[in-house]
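I opened this entry to keep track of what I look up, one topic at a time. Symmetry and the contact come before the odd backbone spots and the salt bridges.

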2 protein chains.
Amino acid sequence: MALELYDLAGADPDLRFSPYCWRTKMALKHKGLAFEGLPWRFTEKERLANSGQGRVPVLRDGATIVHDSWAIADYLDRAYPDHPMLMVDAAARASALFLQSWSDRAVLAALRPIAVKAVLNVVANEDRAYFEESRAKGLGAPIEAFCSPEAVAQGYRDLEAALKPLERVLSDHAYLGGERPFYGDYIVFGSLMWPRIVVPGFALPAGPQTIAWFDRLEGLFNGYAGSAPRVAAAA
Amino acid sequence: MALELYDLAGADPDLRFSPYCWRTKMALKHKGLAFEGLPWRFTEKERLANSGQGRVPVLRDGATIVHDSWAIADYLDRAYPDHPMLMVDAAARASALFLQSWSDRAVLAALRPIAVKAVLNVVANEDRAYFEESRAKGLGAPIEAFCSPEAVAQGYRDLEAALKPLERVLSDHAYLGGERPFYGDYIVFGSLMWPRIVVPGFALPAGPQTIAWFDRLEGLFNGYAGSAPRVAAAA
């Protein structure tokens with residue numbers, strides 16, 4: 001039986017924009033594992049009850065339920081060691097873990113003012129009040145204020161600064177994993193899929209090598225991420 | 001014949017505090033290569049003339065002269081592939097290169113207000129005017145102003161924030177390289193040896209796992225870095 005992934009969706013069930021779910025979807029593709037991505041909305045907490053918490057991604061593999069994108073990556077390598085490894089050894093795992101800790105602080109923090117308001121435009125009706133309230137609480141300000149034009153402009157400047165370390169690496173190597181992508185690539189890439197899906201006409205404020213790397217990842221697995229439905233730019 | 005490393009020194013020729021030279025010294029130790037660390041002062045540009053530039057580290061290996069700590073690490077793995085590798089493959093090289101790009105921006109930038117004035121206290125007399133002038137130009141302000149008590153306090157806060165991604169990695173792994181140290185460890189560690197040597201009583205503003213990792217690196221190669229002369233804290 002195929003694996004099942006609870007994957008955050010907007011009002012349009014095909015609009016999948018969670019940065020953490022993108023990490024997991026790329027990981028499943030890398031492992032070559034078939035999976036069904038079940039659309040899930042913020043307020044459907046009871047559907048995740050058997051994971052013991054209320055956030056996605058949640059992976060169901062037969063009788064096994066795993067939540068948290070990092071725990072899922074570890075699980076997939078442990079449960080499917082004969083499939084391509086996301087992290088081939090302790091060195092790769094340490095490298096991916098550093099990229100995650102760095103990315104969650106530097107990249108996701110910069111993306112928040114850029115992407116949160118755009119999410120509000122695409123969430124399901126039943127999620128809207130929950131999203132507004134939970135984000136206002138988490139961000140310390142109502143979404144409108146947190147995502148003011150000034151904050152968005154600062155977000156793009158912060159994102160450009162945050163992404164700078166990538167450029168030098170990607171001048172010498174095709175992937176953060178060297179010759180081949182590894183889970184660390186999917187962590188950073190997955191973060192950037194968030195605005196890519198929800199912000200109309202989003203352009204990566206980065207150097208040419210970083211942009212080429214992003215395109216390369218969009219093209220992996222027969223263009224899996226690159227062909228994902230996203231909010232269209234205004235004509 | 002042993003390799004020769006031009007290594008930045010203070011008025012006391014045994015006081016070696018360059019973060020870039022520390023990266024190279026740890027790299028040479030890792031490779032198990034004997035080397036002589038020649039004390040070099042900022043103003044002795046003519047001694048580096050055969051490297052085609054004026055900064056250290058510069059490595060002389062017989063007829064081969066290599067400058068720039070990253071180029072030296074690459075050279076050592078290429079020239080001595082039968083010695084322990086600093087970067088075992090393209091994945092390790094990409095990981096180390098990311099750590100360098102990140103570290104040079106986040107860690108060294110935070111360290112500057114903390115360490116630059118302390119360097120002024122230890123440089124050789126003949127270097128003093130050069131150091132004051134070149135740093136004022138590079139930093140955009142005289143050293144006294146750039147290293148004001150407020151700037152130092154901010155530097156410690158920035159350093160604490162910059163080092164946070166390390167803590168999670170080092171909770172699961174002994175080194176950034178996983179089970180064994182690799183060049184990426186030496187890059188970050190070398191940066192932190194700068195204040196460790198010149199700032200009396202310097203304490204790392206970091207979590208327990210990061211501090212344990214720093215101690216572990218000081219202990220490598222029979223306590224090579226840990227036993228290096230440093231400026232004593234006031235009694």
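Before asking how the copies meet, I need the cut-off: contact means heavy atoms within 4.5 Å. I also note that this is a predicted model, so every value here is computed from it.

**Entry 1: how the copies meet**

With that cut-off, I compared the two sides. I found that 100% of the interface residues of chain B are also interface residues in chain A, so the copies meet through the same surface. The contact takes 24 residues from chain B and 24 residues from chain A.

Next I checked the superposition. A turn of 180° with a shift of 0.0 Å along the axis lays chain B on chain A, at an RMSD of 0.0 Å. The two copies are thus related as by a two-fold rotation axis. Which C-alpha of chain B is nearest the axis? I found that of B:Ser95, 3.1 Å from the axis.

**Entry 2: the interface in area and residues**

The size of an interface is often given as the accessible area lost when the parts come together, so I looked that up. About 2,100 Å² is buried between chain B and chain A, and carbon and sulfur atoms give 69% of that area. Which residues of chain B lose the most area to chain A? I have B:Phe98, B:Pro165 and B:His173 written down, together 26% of what that side buries.

Then I turned to the polar side of the contact. I count two salt bridges between chain B and chain A, and five residue pairs in polar contact, both residues at pLDDT 80 or more. As for which elements of chain B give two or more residues to the side touching chain A, I noted helix H3 (90-120) and helix H6 (149-172). H3(B) supplies the largest share of that side, 11 residues. By type, the residues on that side divide into 13 nonpolar, five polar and six charged.

**Entry 3: B:Arg93 and its partners**

I followed B:Arg93 in both directions. Across the interface, B:Arg93 forms a salt bridge with A:Asp172, with the closest N and O atoms 2.9 Å apart. Within chain B, the side chain of B:Arg93 also meets that of B:Asp74 in a salt bridge, 2.7 Å from N to O. B:Arg93 lies in helix H3 and B:Asp74 in helix H2 (residues 69-79) of chain B, so this pair ties together parts that are 19 residues apart in sequence. Are these two buried or exposed? Both B:Arg93 and B:Asp74 are buried.

I also looked for a network with residues from both chains. A:Asp74, A:Arg93, B:Arg168 and B:Asp172 are linked in a network of salt bridges.

**Entry 4: other salt bridges**

The structure holds 24 salt bridges over all chains. I picked two more in chain B.

- B:Lys25 pairs with B:Asp7, the closest N and O atoms being 2.9 Å apart. B:Lys25 is in helix H1 (residues 19-31) and B:Asp7 in strand E1 (residues 3-8), 18 residues apart, so I logged the pair as linking distant parts of the chain. Both B:Lys25 and B:Asp7 are buried.
- B:Glu144 and B:Lys117 meet in a salt bridge at 3.7 Å, N to O. B:Glu144 sits in helix H5 (residues 143-146) and B:Lys117 in helix H3 of chain B, 27 residues apart. B:Glu144 is exposed, at a relative accessible area of 55%, while B:Lys117 counts as partly exposed at 31%.

**Entry 5: odd backbone spots**

Most residues other than glycine have a negative phi, and most peptide bonds are trans. I went looking for exceptions.

Where is a cis peptide bond in chain A? I found one from A:Val56 to A:Pro57, with omega near 5°. A:Pro57 is in the loop between strand E2 (35-40) and strand E3 (58-61) of chain A. In chain B, a cis peptide bond joins B:Val56 and B:Pro57, with omega about 5°. B:Pro57 is in the loop between strand E2 (35-40) and strand E3 (58-61) of chain B.

For positive phi, I noted A:Asn222, at about 60° although not a glycine. A:Asn222 is in helix H8 (residues 208-223) of chain A and is exposed, with a relative accessible area of 82%. In chain B I noted B:Phe221, with phi near 55°. B:Phe221 lies in helix H8 (residues 208-223) of chain B and counts as partly exposed at 26% relative accessibility.

Note on methods. Residues numbered from 1 in each chain as written. Chains lettered and ligands numbered in written order. Predicted model: local features only at pLDDT ≥ 70, side-chain atom pairs only at ≥ 80, totals over all residues. Heavy atoms only, no water. Least-squares fit on C-alpha atoms with pLDDT ≥ 70 in both. Helix = DSSP H or I, 4+ residues; strand = E, 2+ residues; numbered from the N terminus. Buried < 20%, exposed > 50% of the residue type's maximum accessible area, 1.4 Å probe, protein only. Buried area = accessible area lost by both parts, 1.4 Å probe. Salt bridge = Lys/Arg side-chain N within 4 Å of Asp/Glu carboxyl O. Polar contact = N/O pair within 3.5 Å; in protein donor to acceptor, adjacent residues only side chain to side chain. Nonpolar A, V, L, I, M, F, W, Y, C, P; charged D, E, K, R; others polar.
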